[in-house]
Amino acid sequence: MPRPEKHVFVCTQSRPQGHPRGSCSQFNSSEVMDAFMLAFQDHDLWGKHKVSASGCVGPCFTGPSVLIYPESTMYLKVTPDDVREIVEKHLIGGEVVERLKAPDDIW
Ligand code: FES
């Protein structure tokens with residue numbers, strides 16, 4: 001398997017209802033993960049980049065959180081409708097989607 005140029009981690013962490021930290025799962029992060037899978041398929045990115053579901057990556061109340069390496073870019077409050085823009089601008093175009101980027105005091 002070739003080493004991916006970029007690796008997208010979609011937080012799909014769940015926690016019990018009422019947990020003080022909340023979780024990305026309560027903000028429908030599985031739908032964001034599905035949207036990434038579809039976008040990877042549509043753009044034939046599987047041999048170049050990788051997307052994985054992950055556990056908690058930090059800022060739980062602003063989820064769903066998406067973290068992209070190797071540049072360590074964190075996106076917050078990502079919806080399925082945002083995924084195509086992240087894929088086309090960031091993964092394909094190499095440009096950060098500023099409107100979704102985590103503020104410096106968070107990441
Ligand atoms: S649960 Fe997703 S960042 Fe913590």
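Two strands count as paired if DSSP finds at least two bridges between them. With that in hand, look at Val8. In this predicted model, the bridge partner of Val8 in strand 3 is Ile68. Val8 also stands opposite Val51 in strand 2. Start from this residue and work outward.

The sheet is open and has four strands, in the order 2-1-3-4, with mixed pairing. Which strands stand at the edges? They are strand 2 (50–54) and strand 4 (73–75). Each has a single partner strand, so one side of each is left without a neighbour in the sheet. From one strand to the next, the twist averages 20°.

Now take the pairings in turn. Strands of a sheet pair through backbone hydrogen bonds, either parallel or antiparallel. Strand 1 (residues 7–11) and strand 2 run parallel, joined by five bridges. Strand 1 and strand 3 are antiparallel, with four bridges. Strand 3 and strand 4 are antiparallel too, with three bridges. Here Val66 stands opposite Tyr75 in strand 4. Strand 3 and strand 4 form a hairpin with three residues between the strands. In that hairpin, Ser72 takes a positive phi near 60°.

Go back to the parallel pair. Cys11 has Ser54 as its bridge partner in strand 2. To get from strand 1 to strand 2, the chain passes through helix 1, and this β-α-β crossover is right-handed.

Helix 1 comes next. Helix 1 (residues 29–42) packs on the sheet and touches strand 1, strand 2 and strand 3 (66–69). The direction of helix 1 makes about 155° with that of strand 1. Does the length of the helix come out as expected or not? At 1.5 Å a residue, its 14 residues should span 20 Å. The end C-alpha atoms are 20 Å apart, which agrees.

Which residues of helix 1 are buried? They are Ser29, Val32, Met33, Ala35, Phe36 and Ala39. These residues cover an arc of only 160° around the axis, which puts them on the same side of helix 1. Their cover includes strand 1, strand 2, strand 3 and helix 2 (80–92). Gln41 and Asp42, on the other side of helix 1, are exposed. After helix 1 comes Asp44, with a positive phi near 50°.

Strand 3 also has two faces. Val66 and Ile68 make up the covered face. Leu67 and Tyr69 make up the uncovered one. Two of these names have come up before: Ile68 is the bridge partner of Val8, and Val66 stands opposite Tyr75.

Finish with Ser65. This residue is found in the loop between strand 2 and strand 3. Is Ser65 buried or exposed? The cut-off for a buried residue is 20 or more other C-beta atoms within 10 Å. Ser65 has 29 other C-beta atoms within 10 Å, so Ser65 is buried.

What does Ser65 touch? Leaving out residues up to four places away in sequence, its contacts are Cys11, Cys24, Val57, Gly58, Pro59, Met74 and Leu76. Take Leu76 as one case. Ser65 and Leu76 are 11 residues apart in sequence, yet their C-alpha atoms are 4.7 Å apart in space. Cys11 is another of the contacts, and Cys11 is the residue bridged to Ser54 in strand 2.

Terms used
Residues numbered from 1 in each chain as written. Predicted model: local features only at pLDDT ≥ 70, side-chain atom pairs only at ≥ 80, totals over all residues. Axes fitted to C-alpha atoms, helices over the stretch in contact; angles between N-to-C directions. Contact = placed C-beta atoms within 7 Å. Expected span 1.5 Å × (residues − 1). Buried ≥ 20, exposed ≤ 12 C-beta atoms within 10 Å, placed from the backbone. Arc of directions from axis to C-beta. Right-handed = clockwise from strand over helix to strand, strands pointing away.
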